[in-house]
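Open the model in your viewer and keep the selection box at hand. We will walk through a few stops, and at each one I will tell you what to select and what is there.

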Amino acid sequence: MPIMSEKKSYAPGEFCWTELATGDWKAAKEFYTSLFGWTAEEMPMGDQPPYVMLKKNGKGVGALYENRKARPGWLAYVAVAKVDDAAKKAKSLGAKTLQEPFDVMDVGRMVNIEDPQGAKFALWEAKKHKGADIINEPGAMCWNELYSPDIKGSQKFYSGLFNWKLKVSPEYTEIHMTDGDQGIGGMMQLSPEMQGMPPMWMPYFAVADCDASANKAKSLGGQLHVGPQDIPKVGRFAILGDTQDAGFAIISLAR
């Protein structure tokens with residue numbers, strides 16, 4: 001797992017932002033601010049519910065917004081140099097663009113992608129907004145994990161799109177920006193026990209105490225799907241669902 005840091009910018013291929021689409025923005029805001037100690041900054045969106053920036057000690061960690069038509073879930077954003085070029089490359093590798101690339105005011109340019117295996121993610125070309133201010137510390141994103149029905153297909157697609165270096169073992173694929181650096185995420189095959197789970201990217205948020213945070217999530221109406229359990233030399237993790245059952249994971253990192 002990576003080391004903690006305040007980020008000034010993101011290199012192409014790095015996970016730079018995470019965003020929750022939820023069926024009830026007020027309930028989601030209450031759940032996550034209570035669980036992680038985040039503050040919520042509501043940005044008015046006309047007659048729509050607000051876009052909510054999530055912050056830890058004043059530093060941006062992610063966002064949430066209400067979308068009652070979509071399945072609740074977190075969306076991983078990956079930094080790219082030019083979003084239009086990256087979208088074309090993704091399509092040439094078998095992905096679908098869910099719309100044409102578009103400008104988000106003056107903060108960046110983006111496109112939503114569905115990979116050939118069915119998992120959705122976003123490409124982000126930063127302008128005023130680089131992404132999260134902090135990562136890899138308690139209350140911030142520290143890892144993103146892909147659940148794929150075809151792990152070999154996913155390995156081929158993402159290494160082709162982002163030039164990621166993949167460290168492949170039978171159970172797990174680690175994602176590295178360069179050989180020998182700290183990993184930034186992982187991929188795993190959807191197993192028969194996970195039947196019914198859609199292909200997806202899931203964020204991990206670092207916490208100081210995994211068991212205490214898992215218990216707190218349950219007390220707030222969340223669900224515990226896996227763990228808490230240890231990953232030797234990495235930390236202790238749990239996979240949770242929020243009050244709308246959007247999936248996410250928490251991990252207390254071994255130092």
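In which sense do strand β12 and β15 pair, and over how many bridges? Select residues 141-148 for strand β12 and residues 183-189 for strand β15: the two pair in the parallel sense over five bridges. Pairing here requires that DSSP finds at least two bridges between two strands; strands (E, at least two residues) and helices (H or I, at least four) are DSSP runs, numbered from the N terminus.

Before moving on, a word on what you are viewing: this is a predicted model, in which local features need pLDDT of at least 70 and side-chain atom pairs count only at pLDDT 80 or more, while totals for chains, interfaces and linings use all residues. Residues are numbered from 1 along each chain as its sequence is written, and side-chain values use heavy atoms, with hydrogens and water left out.

**Around β15**

Stay with β15 and pick L146, whose bridge partner in β15 is M187. Next, add strand β14 (residues 173-176), which runs antiparallel to β15 and is joined to β15 by four bridges. Here E174 has G186 of β15 as its bridge partner. Strand β15 is mostly covered, with six of its seven residues buried (under 20% relative accessible area; exposed is over 50%, partly exposed in between, with a 1.4 Å probe and protein chains only).

**Helix α3**

Now select residues 151-162, the 12 residues of helix α3. From first C-alpha to last, α3 reaches 16 Å, close to the 16 Å expected at 1.5 Å a residue (1.5 Å times one less than the number of residues). Colour its buried residues, among them F157, Y158, L161 and F162. Just after α3 comes N163, with a positive phi near 55°.

**Salt bridges**

For the last stops, show the charged side chains. A salt bridge is a side-chain nitrogen of Lys or Arg within 4 Å of a carboxyl oxygen of Asp or Glu, and the count by this rule is 16.

Start with R109 and D84, whose closest N and O atoms are 2.8 Å apart. This pair links distant parts of the chain, with R109 in strand β9 (residues 108-114) and D84 in helix α2 (residues 83-92), 25 residues apart. R109 counts as buried because its relative accessibility is 16%, and D84 is partly exposed at 30%. Add D103 and K127 to see the network of salt bridges that links them with D84 and R109.

Finish at R236 and D230, which meet in a salt bridge at 3.3 Å, N to O. D230 is exposed, at 54% relative accessible area, while R236, at 24%, is partly exposed.
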